[in-house]
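Here's a quick briefing to read alongside the coordinates. Have the viewer open and follow along.

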Amino acid sequence: MLITAYVLAAVPVLGIIYIGFNYLFAPAKSAATFGLREIPTGSTAFFEIKGNRDIGTGLILGVAMLAGSAHLAGWLLLAATVMPVCDMLIILRHKGKKGMAYGVHGATAAFMAATSALFLLG
């Protein structure tokens, strides 16, 4: 069960690092895929901050996994689940694309919660 947890956890870990780099190097293009109807214009600082947050989050989770601490990885992954949940709620609150809110951010949160359960129960 732990091997499955590690393999599954690699998906959001590598995915969020990839997304973070996209926000750093192509902020306008990446912002358009977030799910909001209106994207702030004139400054990329917000998106660069988001990119930095995403990369850091992925690295923290990845380091816990590489350290071999399944219990810590499970709790960190569960705690990090709040981020896609909040992203989903932000999109819904601002009348963004529901498909992106639920299909990307909600599904990511569910996947992360289920994977964290594998770590914590394993």
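What follows is a tour of how the helices pack, what sits in the cores, and a few single residues worth clicking on.

Keep in mind that this is a predicted model. A handy reminder before the helix pairs: two packed helices are described by the angle between their axes and the distance between the axes.

**α1 against α3**

- Start with α1 (residues 2-25) and α3 (residues 45-66), whose axes come within 7 Å and cross at roughly 155°.
- Angles over 145 degrees count as roughly antiparallel, so α1 and α3 are roughly antiparallel to each other.
- The α1/α3 crossing is left-handed.
- On the α1 side, the residues in contact include Tyr6, Ala9, Ala10, Val13, Ile16 and Ile17, and further along the helix Gly20, Phe21, Tyr23 and Leu24 are also among them.
- On the α3 side, the contact residues include Phe47, Glu48, Lys50, Asp54, Ile55, Leu59, Leu61 and Met65, with Gly51, Gly58 and Gly62 also among them.
- Sorted by character, the α1/α3 contact has 15 nonpolar, five polar and three charged residues.

**α1 against α6**

- α1 also packs on α6: their axes come within 8 Å and cross at roughly 150°.
- That angle makes α1 roughly antiparallel to α6.
- The handedness here is left-handed as well, going by how α1 passes α6.
- α1 brings Leu2, Thr4, Ala5, Tyr6, Leu8, Ala9, Val11 and Pro12 to the contact, and α6 answers with Phe111, Met112, Thr115, Leu118 and Phe119.
- No charged residues turn up in the α1/α6 contact, which divides into eleven nonpolar and two polar.

**α4 against α5**

- For α4 (residues 70-80) and α5 (residues 82-93), the axes come within 5 Å and cross at roughly 10°.
- Angles under 35 degrees count as roughly parallel, so α4 is roughly parallel to α5.
- Leu78, Ala79 and Ala80 make the contact from α4, while Val82, Met83 and Pro84 make it from α5.
- The tally for the α4/α5 contact is six nonpolar residues, with no polar and no charged ones.

**The nonpolar cores**

- The largest nonpolar core has 13 residues, and the members touching the most other members are Ala9, Val13, Leu61, Met65, Ala73, Leu77 and Phe119.
- Helices α1, α3, α4 and α6 (98-121) each put at least two residues into this core.
- Leu77 is a good one to select: leaving out residues up to four places away in sequence, Leu77 touches Ala9, Leu61, Met112, Thr115, Ser116 and Phe119.
- There's also a second, separate core of eight residues, and Phe34, Met88, Ile91 and Ala101 are among them.

**Three neighbours in α6**

- Thr115 is in helix α6, and at 1% relative accessibility Thr115 counts as buried.
- Leaving out residues up to four places away in sequence, Thr115 touches Ala5, Leu8, Ala9 and Leu77.
- Ser116, also found in α6, is buried with a relative accessible area of 1%.
- With its neighbours within four places in sequence set aside, Ser116 is in contact with Gly74, Leu77 and Leu78.
- Ala117 lies in α6 too, but Ala117 is partly exposed, with a relative accessible area of 31%.
- Ala117 and Ala5 are 112 residues apart along the chain, with their C-alpha atoms separated by 8.5 Å.

**Two loop residues**

- Most residues other than glycine have a negative phi.
- Lys95 isn't a glycine, yet Lys95 has a positive phi of about 55°.
- Lys95 is in the loop between α5 and α6, and at 60% relative accessibility Lys95 counts as exposed.
- Ala26 lies in the loop between α1 and α2 (27-32), and Ala26 counts as partly exposed at 28% relative accessibility.
- The C-alpha atoms of Ala26 and Lys50 are separated by 12 Å, and these two residues are 24 apart along the chain.

How values were computed. Residues numbered from 1 in each chain as written. Predicted model: local features only at pLDDT ≥ 70, side-chain atom pairs only at ≥ 80, totals over all residues. Heavy atoms only, no water. Axes fitted to C-alpha atoms, helices over the stretch in contact; angles between N-to-C directions. Helix = DSSP H or I, 4+ residues; strand = E, 2+ residues; numbered from the N terminus. Parallel < 35°, antiparallel > 145°, perpendicular 65-115°, else oblique. Contact = heavy atoms within 4.5 Å. Nonpolar A, V, L, I, M, F, W, Y, C, P; charged D, E, K, R; others polar. Left-handed = near helix turned anticlockwise from the far one by under 90°. Core = buried A, V, L, I, M, F, W, Y, C linked by side-chain atoms within 4.5 Å. Buried < 20%, exposed > 50% of the residue type's maximum accessible area, 1.4 Å probe, protein only.
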